[in-house]
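Work through these exercises with the structure in view. Try each task before reading its solution.

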Amino acid sequence: MTMRTRTLGTNGPQVSALGLGCMGMSALYGEADRTESIATIHAALEAGVTLLDTGDFYGMGHNELLIGEALRTAPAARREQALLSVKFGALRGPGGEWAGYDGRPAAVKNFAAYSLQRLGADHIDVYRIARLDPDVPIEETVGAIAELIEQGYVRHVGLSEVGAETIRRAAATAPVADLQIEYSLISRGIERSILPTTRELGISITAYGVLARGLISGHFSADRQLGVNDFRAHSPRFQGDNLRHNLNLVEALRKLAEQKGVSVAQIAIAWALAQGEDIVPLVGARSRERLTESLGALDVTLDAADLAAVEEAVPADAAAGERYAAPQMAMLDSER
């Protein structure tokens, strides 16, 4: 495996072609092993992964503390190569309940102060509000990030799960390096208006959910028991007939993967990599075993015929069920 690199935006940092999304090490996907999580981050850095993605609300700060510990205990050369992408703004209650988003400038700077402390870092490479705050113009939120850049605490402005109009408004306020948004074989909505807009403006995409939270990893089965705190226990795509339909899509993809001698996860990640040099997939591996499998996608070459076969097996809009439950979908600016 040779780690390739891509650039975030027109003037953003150079990063590894695959990034590591660390959320699952702290929240939403059942219990995680702290020792194995740290070992997985170390293994990712050793393999040449540079982009580590987190959010200050993942486990109410747990994920940032975890990454901070992993970086503190990594060899100096590996620690220095790490680029931190941080989402902020999601409000939580003490019981873990969601309480909206806060994009006010004072809140932006407050969130950043706590993140820097938990991460043990003197700056954040890409900083972005997790979801649009409907009560605060995006210009004000991005303007606050721009001030943090002037002060040396942040390097680049990022966005997350916003639509084309919001992207344009943000980019008119300050240079935007990257948009983080869900993008996979079964979540291709950004191709309609968001991806053309980011490409016009020179903004890259860090694609989360490239394996659809494990649904198209090739490792998920219909009889899998999910804990009440597992996001997938409440996700429409993992329910009843929707799940059975979606797993049939996975089986069609598995046949193609077997023909190429690769895993289902590898062909799904390779498809995302093949969508353009401006796409940086985030893999959510929580163990070294899954990380190794995901990184193997870098060695998978899909030619035009392969890509056509993949998209015939899993056509756009073929998935059953929305990617979030209705209340969460209603809050997504990217879906409006």
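**Exercise 1. Describe how helix α4 packs on helix α5.**

Solution. Start with the geometry. Helix α4 covers residues 105-119 and helix α5 covers residues 138-150. Their axes lie 8 Å apart, at an angle of about 45°. Axes here are lines fitted to C-alpha atoms, for helices over the stretch in contact, and angles run from 0 to 180 degrees between N-to-C directions. Helices and strands are DSSP runs (helices H or I, at least four residues; strands E, at least two), numbered from the N terminus.

Next, name the orientation. α4 and α5 are therefore oblique to each other. The cut-offs are these: under 35 degrees is roughly parallel, over 145 roughly antiparallel, 65 to 115 roughly perpendicular, and the rest oblique. The crossing of α4 over α5 is right-handed; that is, the near helix is turned clockwise from the far one by less than a right angle, whereas anticlockwise would be left-handed.

Now find the contact, meaning heavy atoms within 4.5 Å. α4 supplies P105, V108, K109 and A112, while α5 supplies E140, T141, A144, I145, E147 and L148. Sorted by class, the residues of this contact are 6 nonpolar, 1 polar and 3 charged. Ala, Val, Leu, Ile, Met, Phe, Trp, Tyr, Cys and Pro count as nonpolar; Asp, Glu, Lys and Arg as charged; the others, Gly among them, as polar.

A note on the model. It is predicted: local features need pLDDT of at least 70, side-chain atom pairs count only at pLDDT 80 or more, and totals for chains, interfaces and linings use all residues. Residues are numbered from 1 along each chain as its sequence is written, and side-chain values use heavy atoms, with hydrogens and water left out.

**Exercise 2. Do likewise for α5 and helix α6.**

Solution. Helix α6 spans residues 164-173. The axes of α5 and α6 are 9 Å apart and meet at about 40°. The pair is therefore oblique. α5 passes α6 in a right-handed crossing. On the α5 side, I138, E139, V142 and G143 take part; on the α6 side, T166, R169, A170 and T173. The class count is 3 nonpolar, 3 polar and 2 charged.

**Exercise 3. Is T54 buried or exposed?**

Solution. First, place T54: strand β4, residues 51-55. Then read its relative accessible area, which is 0%. T54 is therefore buried. Buried means under 20%, exposed over 50%, and partly exposed in between (1.4 Å probe, protein chains only). Last, list the contacts of T54, leaving aside neighbours within four places in sequence: N63, E64, I67, S85, V86 and K87.

**Exercise 4. Which salt bridges link residues of helix α8 about one helical turn apart?**

Solution. Recall the rule: a side-chain nitrogen of Lys or Arg within 4 Å of a carboxyl oxygen of Asp or Glu. By this rule there are 21 salt bridges. Take R244 and D241, bridged at 2.5 Å, N to O. They sit 3 residues apart in α8 (residues 240-260), so about one helical turn separates them. D241 is exposed at 57%. Now take E251 and R254, bridged at 3.1 Å. This pair is also 3 residues apart in α8, about one helical turn. E251 is partly exposed at 38%, and R254 is partly exposed at 23%.

Finish with a network: shared salt-bridge partners join R188, E191 and E311. Within this network, R188 and E191 have their closest N and O atoms 3.0 Å apart. R188 is buried at 12%, whereas E191 is partly exposed at 28%.
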